[in-house]
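Me: Got a minute to go through this one with me? I'd like to talk about charged pairs and then domains.

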Amino acid sequence: MKTTITVNGQARTLDADPRTILLDALRETLRLTGTKKGCDHGQCGACTVLVNGVRINSCLSLLAMHDGDEVTTIEGVGALDNLAPIQKAFLREDAFQCGYCTPGQICSALGMLKEVAENWPSQETVDLTGPIRLTDNELRERMSGNLCRCSAYPQIVAAIRSVVEAAP
Amino acid sequence: MRPFTYERAATAAGAVSSAAATPGARFIAGGTNLLDLMKLDIEHPPHLIDIGRLPLARLEDTADGGLRIGAMATNSQVAADVRVRSRYRVLTQAIVAGGSGQLRNKATTGGNLMQRTRCAYFYDTTKPCNKRQPGAGCAALEGLNRNSAIFGASRACVATHPSDMAVAMAALDATVETLTPSGQARAFPLAELHRSPGETPDVETDLARGELITAVVLPPPPAGGQLYRKVRDRASYSAGLVSVAVVGGQIALGAVAHKPWRAERAESALARGSTAEEAIDKELAHASANGQNAFKIDLLRGLIPAVLAEAQRGVQ
């Protein structure tokens with residue numbers, strides 16, 4: 001069946017089996033291998049991409065469910081010669097070792113910061129009716145869907161925080 | 001995954017008539033539970049009906065001061081809604097205690113209610129499970145059963161319903177609205193949606209084949225405090241060992257039964273003037289453990305009075 005998605009600003013039409021998972025379409029068909037397959041069951045977050053600006057696990061979604069959607073992968077976040085601030089922050093803060101979870105961490109962080117900007121609550125939010133204060137506990141809680149087996153968590157928190165603090 | 005056909009429903013009426021006409025067809029919206037189970041070959045529907053874009057994602061005030069939550073509203077959307085946060089805070093607290101940010105962005109209200117009950121042996125296709133294969137037996141009875149049910153279980157099944165959201169909705173006395181296969185709208189208490197396992201643990205709800213949840217309606221919030229508390233092995237992104245939702249004098253428990261468990265015996269004892277501790281004992285007298293899950297009973301004995309007290313704090 002035919003599905004058209006816009007990936008990193010470019011419309012792509014794929015003719016694929018209904019079973020095709022969004023993650024596999026990105027990696028195997030479109031050869032955008034920046035998005036990683038970790039657990040393939042929504043437990044690790046390595047496959048996180050932004051769909052219409054919202055972070056999701058691309059391993060738990062059918063390509064067919066995304067006809068007409070806009071998908072942003074790590075390849076659309078920045079370019080090698082023009083890294084996004086969050087990418088520069090991960091380099092500066094040494095926020096990874098093996099790097100396998102990093103594309104998911106970065107896409108998740110971008111989605112998470114948008115959720116904070118829209119004042120979405122988390123379980124660390126004490127005052128549900130006031131503005132969100134992005135404490136380190138808030139930040140860790142909001143990023144709990146992304147595992148890092150190298151355990152670079154303190155540096156990941158520092159990298160994301162540095163982007164928040166640099167924002168105007 | 002096994003092959004299946006896929007269609008996107010244009011209307012709710014079209015979705016239910018297609019589901020009723022196609023044996024084994026399943027609705028899909030967020031897909032976070034169904035696709036996981038399909039990858040594991042636990043679910044293998046021959047046909048998927050994508051209902052994710054049906055116009056059922058709105059939250060709207062009801063005439064009596066309650067709130068209607070469309071079945072396609074995502075968990076994130078519901079938790080962030082200002083009306084939910086201010087008037088039904090127990091629901092926001094429950095939703096943000098479940099899953100991860102990515103999952104809550106995808107999971108829908110209807111799908112959360114319809115997620116399968118959870119047990120390690122339901123997921124382990126090398127072991128017998130009456131839920132997966134009726135009549136096969138239950139490996140959890142003598143196996144690793146730390147997470148098993150303590151209320152309303154049977155010899156056939158000790159699995160628990162994993163939802164946090166549904167526990168808060170049960171405490172809030174929510175109503176479920178559906179569209180039946182014949183196109184009729186139907187409404188019934190959320191407490192009547194899920195079944196206890198009995199001899200047929202493979203049947204988890206009382207919905208007819210093809211019946212579609214269209215909304216969950218919350219009545220006006222009752223007087224008194226609201227609080228959701230979840231106890232688990234990790235601080236985040238982990239299923240509950242037990243959870244408690246308190247709404248005034250209404251108490252629902254999570255991860256202890258095949259469905260969100262309203263602690264009605266405790267509620268009526270409280271209403272008659274019993275202390276929290278006495279009231280909880282009335283409920284726990286009907287709990288039964290089948291091994292490693294015995295700790296859940298002790299845990300609830302301490303937890304429920306603490307949550308009741310904290311919910312009331314600052315209300316008077």
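Reply: Sure, starting with one arginine: R161(A) is buried, at 19% relative accessible area (buried is under 20%, exposed over 50%, partly exposed in between, with a 1.4 Å probe and protein chains only). Keep in mind this is a predicted model, where local features need pLDDT of at least 70, side-chain atom pairs count only at pLDDT 80 or more, and totals for chains, interfaces and linings use all residues. Residues are numbered from 1 along each chain as its sequence is written, chains are lettered from A and ligands numbered from 1 in the order in which they are written, and side-chain values use heavy atoms, leaving out hydrogens and water.

Me: Which side chain does R161(A) meet in a salt bridge?

Reply: E165(A), at 3.8 Å, N to O. A salt bridge here is a side-chain nitrogen of Lys or Arg within 4 Å of a carboxyl oxygen of Asp or Glu. Both residues sit in helix α5 (residues 153-166) of chain A, four residues apart, about one turn of the helix. Helices (H or I, at least four residues) and strands (E, at least two) are DSSP runs, numbered from the N terminus.

Me: And E165(A), buried or exposed?

Reply: E165(A) counts as exposed, at 59% relative accessibility.

Me: OK, how many salt bridges over all chains?

Reply: 33. One of them joins D24(A) and K37(A) at 2.9 Å, N to O. That pair links distant parts of the chain, with D24(A) in helix α1 (residues 22-29) and K37(A) in the loop between α1 and β3 (48-51), 13 residues apart.

Me: What about chain B, which residues are linked in a network of salt bridges?

Reply: R26(B), E43(B), R116(B), K131(B) and E204(B).

Me: Switching topic: how is chain A divided into domains?

Reply: Into domain 1 (2-76) and domain 2 (85-166), with bounds from an automatic or database domain assignment. Their centres, taken over C-alpha atoms, are 22 Å apart.

Me: How many residues are in contact between domain 1 and domain 2 of chain A?

Reply: 16 residues of domain 1 touch 17 of domain 2, where contact means heavy atoms within 4.5 Å. The two domains bury about 1,300 Å² between them, 55% of it on carbon and sulfur atoms; that is the accessible area (1.4 Å probe) the two parts lose on being put together, summed over both.

Me: What's the salt bridge count between those two domains?

Reply: One. On the domain 1 side, β3(A) gives the most, with three residues.
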